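Student: I have a chain to read with you. Could we go through it feature by feature, general idea first?

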Amino acid sequence: MNDMAWTSLKGSPRLSSHPRPLSWIVVLVGALAVFLIYASWVLVSSPVGATVQGYFYSVGSSEKLDLPVSPANEASVDSHLNKSLDLVDNKSPSNQQPSTLATEVSSDNKVEQTDAKSNSQVDSSESISANLPLTKEVNSDPEASNSGEPASSLGGSGDVANSSLSTQENSRPDLNSSATVPLAGTNSSTKTDNIRMEEPTSVPLINQTSAVSTASNDTSMSSDDSTPTAVPASVEKPNNTSNAGCDLYHGNWIHDPLGPLYTNNTCPVLTQMQNCQGNGRPDQDYENWRWKPFQCDLPRFDPKKFLELMRGKTLAFIGDSVARNQMESMLCILWQVEEPKNRGNRHMQRYYFRSASVMIVRIWSSWLVKLTSEPFDYAPAGVDKLHLDAPDEKLMEHIPNFDVVVLSSGHWFAKQSVYILNNEIVGGQLWWPDKSRQMKVDSVKAYGISVETILTAIGTIPNYTGLTIVRSYSPDHYEGGAWNTGGSCTGKVKPLALGELVENVHTNIMHEQQVTGFDRAMKRVTNKSKLRLMDITEAFQYRHDGHPGPYRSPDPNKITKRGPDGRPPPQDCLHWCMPGPVDTWNELVFEIIRREYEGGRAS
């Protein structure tokens, strides 16, 4: 019985097969380990791996385009650009200016000087990338006044574009995805035949939500001297619309829920005064409007494509604090794919993107023409003298080193200054002591002359072949007064609709003078350089919602509402929120550059 039981147990499949499953488990575990090792290797070494790495480590390694210039060339470029030329305007306006303006500009001069010192700490070892605090005001210019703005607005109600759309596209519902704000495309102000197509006599308004295609999940390029980061989906929208010859400057603002190319939290070089969300602005939909030309689509800015297009080249933003506004917007956009090296010094801001050897430069020049303060004839020392027929000499020494230049000027002509032409005092702004003398040139005419002077100087530099983009006069929106007489843009939350625009006389005449100066300079070009007018003035008069208004600082105790007497709080209705309208300016800059380098022509 026991033998039978033993035999039965011995022959039991349950007992006799036990060794076999154990061995199979060992084999399967080994095979699985081999598979996992192989799969991990495939993921890491393929484009898919770059995407995975981007999600987990914020680094894209799918493609290395680390083609830096040689050390010798880098050294020569640095030494050439690092000439001891102080291009930062550290002067305060004369005491004859209104006290509010003098106080504000003086305050901003201190910020400018502080930032100039910080920019002088150049990383000569080329091993440490710039890591600036999120709230640092980078080179906050004398014009970026806290409570007063230099814009000599006559109290019109223009509106500026806030087309940089919010990054949180997936977290915010599209409240008005089909809304459009059309612009009058057939009644534009003065035009130039050199750069724009003739407008159609009848253009249908385009009513659509967005002209942006689906996102790509490609990650950014890596390099040794810069720290790329994962690209937000909203940055990676491919564009496949051909825009050659399309008029970019007449169209309408369409609601776009995709969001901006960056946020105030993802850009460390954003001047605090333009950090509207960080300063407590309660609304955010002003970020969700995109410029749509009537005849085509303006491609969404692709930072990787831009860096590749500009490979080995230098882009310089030159002018006033609005130029700084635009330059910081460009840096914020590009920062989403690569952290540049700060190579700035006390003479200029410079950011180097190692992956494509691209340099972004900013130089301060308030009026773009020669500026002196010494006594001249009956004009005393201490008052700025503008030599309207001579370009800014310090600026001109650097122009041959730049492949693309974006010029910004106009608003400083509201400040106190003396106008000198042909070695004679011909006029002044907030300065004309002898009323018996006839003033030949006022601030508006002086602006037109200055534009012609600087562009003619650039267009006659021997052997210069660069591209100069003149961004047209940027509208301000001080409604009900000027910057220092109660003008306000508080409470504006969306663009003006067609028919709602109140023409700003001062903006229109400044724009007209600028275009006239541009046209005259075009006729005097003798080299192979190219001049292009980026005519944003009309379109941006509809964007009164794009300014910081009273949200100019993170101070929790700042005044943001009108007082008991109805007077509005101090505010900025000249510069633009970031993200904001300046992002559209850089999409236009990108398109103009693309047309020049890839063929086609900006209208």
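Tutor: Start with a term: a polar contact is a pair of N or O atoms within 3.5 Å; within protein, one must be able to donate a hydrogen and the other to accept it, and residues adjacent in sequence count only if both atoms are side-chain atoms. Helices (H or I, at least four residues) and strands (E, at least two) are DSSP runs, numbered from the N terminus. Now the background. This is a predicted model, where local features need pLDDT of at least 70 and side-chain atom pairs count only at pLDDT 80 or more, while totals for chains, interfaces and linings use all residues. Residues are numbered from 1 along each chain as its sequence is written, and side-chain values use heavy atoms, with hydrogens and water left out.

Student: Which backbone nitrogen does Asn504 reach at the start of H11?

Tutor: That of His506: a side-chain oxygen of Asn504 comes to within 3.1 Å. Helix H10 has a cap too. At its N-terminal end, a side-chain oxygen of Asp442 lies 3.3 Å from the backbone nitrogen of Val444.

Student: How do I check the span of a helix?

Tutor: Take 1.5 Å times one less than its number of residues. Helix H11 covers residues 505-522, 18 residues, so it should span 26 Å; its end C-alpha atoms are 26 Å apart, which agrees. For the 17 residues of H10 the expected span is 24 Å, and the end C-alpha atoms are 24 Å apart, so that agrees as well.

Student: Which residues of H11 are buried, and what do they pack against?

Tutor: Cut-offs first. Buried means under 20% relative accessible area, exposed over 50%, partly exposed in between (1.4 Å probe, protein chains only). Contact means heavy atoms within 4.5 Å. An α-helix has 3.6 residues a turn, so residues three or four places apart point the same way. In H11 the buried residues include His506, Met510, Gln514, Phe518 and Met522. The buried residues of H11 pack against helix H10 (443-459), strand E13 (467-471), strand E14 (530-534) and helix H12 (537-540). As for H10, 15 of its 17 residues are buried, so H10 is largely enclosed by the rest of the structure.

Student: How should I read strand E13?

Tutor: In a regular strand the side chains alternate between the two faces of the sheet. Leu467, Ile469 and Arg471 point one way from E13, Thr468 and Val470 the other way, and all are buried. Five of the five residues of E13 are buried, so E13 is largely enclosed by the rest of the structure.

Student: Where does E13 stand in its sheet, and what are its partners?

Tutor: Two strands pair if DSSP finds at least two bridges between them. The sheet is open, with seven strands in the order E5-E6-E7-E4-E10-E13-E14 and mixed pairing. E5 (341-342) and E14 are at the edges, each with a single partner strand, so one side of each has no neighbour in the sheet. Strand E10 (residues 404-408) runs parallel to E13, joined by four bridges; Val405 stands opposite Thr468. E13 and E14 are also parallel, with five bridges, and Leu467 stands opposite Lys530. By contrast, E5 and strand E6 (residues 349-353) run antiparallel through two bridges, with Lys341 opposite Tyr352.

Student: How many aromatic pairs are there?

Tutor: Rings of Phe, Tyr and Trp (its six-membered ring) pair if their centres lie within 6.5 Å; planes under 30 degrees apart count as stacked, over 60 as edge-to-face and the rest as tilted. That rule gives 16 aromatic pairs. Trp431 and Trp432 have ring centres 6.2 Å apart and planes at 85°, so they are edge-to-face. Phe540 and Trp585 form a tilted pair, 5.7 Å centre to centre with 55° between the planes. That pair links distant parts of the chain: Phe540 is in helix H12 and Trp585 in helix H13 (residues 582-598), 45 residues apart. Phe540 and Trp585 are both buried. One aromatic cluster takes in Trp253, Trp291, Phe540, Trp576 and Trp585.

Student: Which charged end sits over the ring of Trp253?

Tutor: A charge sits over a ring if NZ of Lys or CZ of Arg is within 6 Å of the ring centre and within 35 degrees of the ring normal. Here it is Arg543, 4.8 Å from the ring centre of Trp253. The charged end of Lys313 likewise sits over the ring of Tyr597, 5.1 Å from its centre.
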